[in-house]
Each structure stands twice: as structure tokens, then as C-alpha cells.
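Work through the exercises below with the structure in view. Try each task before reading its solution.

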Amino acid sequence: MTEEEDIREYLVEMKDLSALMVDLAFSSVMYNSDEIAEEVYLLEERMDDMTLTVKKLALREAKKEEEPERLLSVIDLADINERIADAAYSIADIVLRDIEPHPIIRAIMEETEEELGRVRVHPGSVLIGKTLQQLKLPSKTGTRILAIKRGNRYIYNPGKGDWIEEGDVLIAVSSDMDKLRKLAGEDVDEE
Amino acid sequence: MEEWDEVEVPDNVKDIFIEMKNTAELMVDLAYSSVLLKEEEIAEEVLELEEYLDLLNYHLMMRAVLSARNIHEAEQITSILHMGRAINDISDAAADLAQMVLEEDRLHPIITEAILESEETIGRIRVSPESVLVGKTFEEVDLAANTGVWIIAVRRGKRWIFDPEGDFKVMPEDVLIGRGTRTALDYLKEIAMGRIKVIGSEV
């Protein structure tokens, strides 16, 4: 793969991740979820690594370019995404630190019966191999999937055509998280 | 141009907060649109929104500080200031992104490619006179729920309408700027071209 292709792939992932992080950060505050706030923390570390990698690649690529200055915009874009990711982390940090947040912060996000969490899809789960369209999770379990974490990759805002695989981690908002955990083959009493 | 003194700011912390969050998110979308479409007017709108967000953050801080009656409350209020600052950081980043468009000749083609390839990208959709969208308001067609596309701006003739409201009525030849997945944008394009005549007939 050429450096240019590498850079493009990194930039795509950074853009997706920074958007996901902002979503997750606000959600973690809204649902007071330590789990999701930690997820944002982990993503932030990954963003830092990726930013450095893109910068190095851009400098290397610059040697080959007719107009090396144009690579500046690549470095700028990586930086901008990193800053958005930092801000997301800073929002999630409100959940992680010991100081109790001001009641208004919770009030903003409105009274909700829903819960936000991470659910791992275990072997034998009925969810495996099905598309979101087939599963109809919103109507059947009151669940909205914000992202599917598959290995190191995130499928952000999964659509009807996306399917679920064994080992996936679903980041979801649900009015019946226990039901979702059961469907995913998790032992509900585990936590 | 409006004077900032005359700009209305919501009068309680909760509403200011929601306005800040929505504005920052809109700014990021508009900033990426301006880069992708190389539209300086969109970039300039982002910079104006940045000033608006600064103003909101200032009001947020004032009100938050005013409301503390004791040490415990003051400590809790730091979380509001903290969040206001984080949202402000997002808006600064969006403004810098928009600034890249205004300082032309600097953009590497990789950047547009990366925006186009990301999960949620930006699309430009022209509304044909045959489309079922014509004459309907955004509230009636509810594109976000029915197609998965968020409309962040509309170009009508030479005029831009940013962050159109629910009562905005679609006219033939309007150009919608929307954020969504490729699939969602393609679906909306079919509706806008008049090839799909029903909106929201999922299942």
C-alpha cells in the first residue's frame, strides 16, 4: 500500500472515530455510564497514536510531492480530529471524575428510562448472522445500536443491512438492557 | 450583519447548553461540507457560528457562576463550566477546519477523498420538480427519520439557508446539503429525483 493510501485510511478512521467519540461522550453523561466514558478514554488514546502516525506519513509523503506544502492540510485535519477527540474525552471525564456533576447536566439530557451500555455477543447467541433489519431491535427490545465494535474496528451508526457477528460488542441505548444481554447470550447476573 | 448584542440567547442554563451542543454539532457538519464542496460561504457561516458559540459560552459561565450559593454548589458548577469549555473546543476545531477552505490552495486531494469515504459523509442533492418533496415542509417529510439524512443547509438560487427549520418548505431546484451514510444519501437522491414516490414506506 502506498503512503497516500495509508494516510487516506487513517484520516477516514479518525473522522469516524472523532464523531463516534462525541456521540459516546454526550451519551455517557446523559446516561451516567462509566463504561461508555471509559470507552471514550480508550478511543482517545488510539486517536493520539493515529495522529502521530498520520503526521509521520504525511512528512514522508511530502518528499515525493510536487507541492509538499499541500500536505500541511493533511496534518491540520489530523490535528483538528484529535482536538475534537480531546474535547469528547473531556466531556466523558465528567462521568469519570469523583466530583458529582451539577444536577442540571443530567436534567439537560431529560428524564429517561433508557440505559446505555456495552453488550458482548457470545457464541450461540440468536443475534449472530442476522442483519439489523431482520432483528428489528428498536421495536422488539426498545434498543438503538450506536455502534458495533468488531475487533479493533467500529461500525458507527450501523444501518439495516449491517449484521452481527460472534464477539461483537454492541454499544447500545435500550429500555430493556437485560433483554438485550440475554439475546446476546450474556449471563445477566454477571454484573 | 446582526450585532451580537441583539442576538437572542436562551435565558436559562439548560437551554443555553442544548443550544451550544446543537450549534457545535452543526458547525462540524458544515465545516466538513465546506471542505468537501469547496464552498466559502459555508465556511464563513461556520466562523459566524463560532462567534455565536463564544457568546453562548459566556452567558453560560455568567449564569452558572451566579447560581452558586455555597462551596458544594460551586464545585458542582465546575462541571458545567468544564462541559461548556469542551463544547467550545469542538467549535474552535470546526472553525479551524472551515478556515482551511478560506485559505485556498492548501488542500490536498486526500482530504476530500477521506471525507467521501467516511461512514457518514456529506451529499449535495438537487430537488427535481417531479419529486414528492416539493411543496412539503421538512417537518412533514421528516427526512432524518425516514431516510437517515440530516439536512444541514439548503441552497436556493444564490441564497443559503443554514440549519433549516421544520417549517421550511421544499421548492423545485433547491439543493439540499445533507449528512448521512452513502446508502442513506443515495436513497434520498432517488426521492429528490422523483424516482421514488413514497417517503418512509420502510419494512
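The exercises go from a helix to a sheet and then to an interface.

The model is predicted: local features need pLDDT of at least 70, side-chain atom pairs count only at pLDDT 80 or more, and totals for chains, interfaces and linings use all residues. Residues are numbered from 1 along each chain as its sequence is written.

**Exercise 1.** Compare the expected span of helix α3 of chain B with the distance between its end C-alpha atoms.

Solution. Helices are DSSP runs of H or I with at least four residues, and strands are E runs of at least two, numbered from the N terminus. The expected span is 1.5 Å times one less than the number of residues. Helix α3(B) covers residues 71-102, which is 32 residues, so 46 Å is expected. The end C-alpha atoms are 46 Å apart, which agrees.

**Exercise 2.** Find the edge strands of the sheet in chain B.

Solution. Strands pair if DSSP finds at least two bridges between them. The open sheet has 4 strands in the order β1-β4-β2-β3, with antiparallel pairing. β1 (121-126) and β3 (159-162) of chain B each have a single partner strand, so they stand at the edges. Inside the order, 5 bridges join β2(B) to β4(B); Ala153(B) has Ile177(B) as its bridge partner in β4(B).

**Exercise 3.** Describe the salt bridges between chain B and chain A.

Solution. A salt bridge puts a side-chain nitrogen of Lys or Arg within 4 Å of a carboxyl oxygen of Asp or Glu. The count between the two chains is 3. One of them joins Glu113(B) and Arg8(A), at 2.5 Å from N to O. On the side of chain B that touches chain A, α3(B) gives the most, with 18 residues.

Definitions and conventions:
Chains are lettered from A and ligands numbered from 1 in the order in which they are written. Side-chain values use heavy atoms; hydrogens and water are left out.
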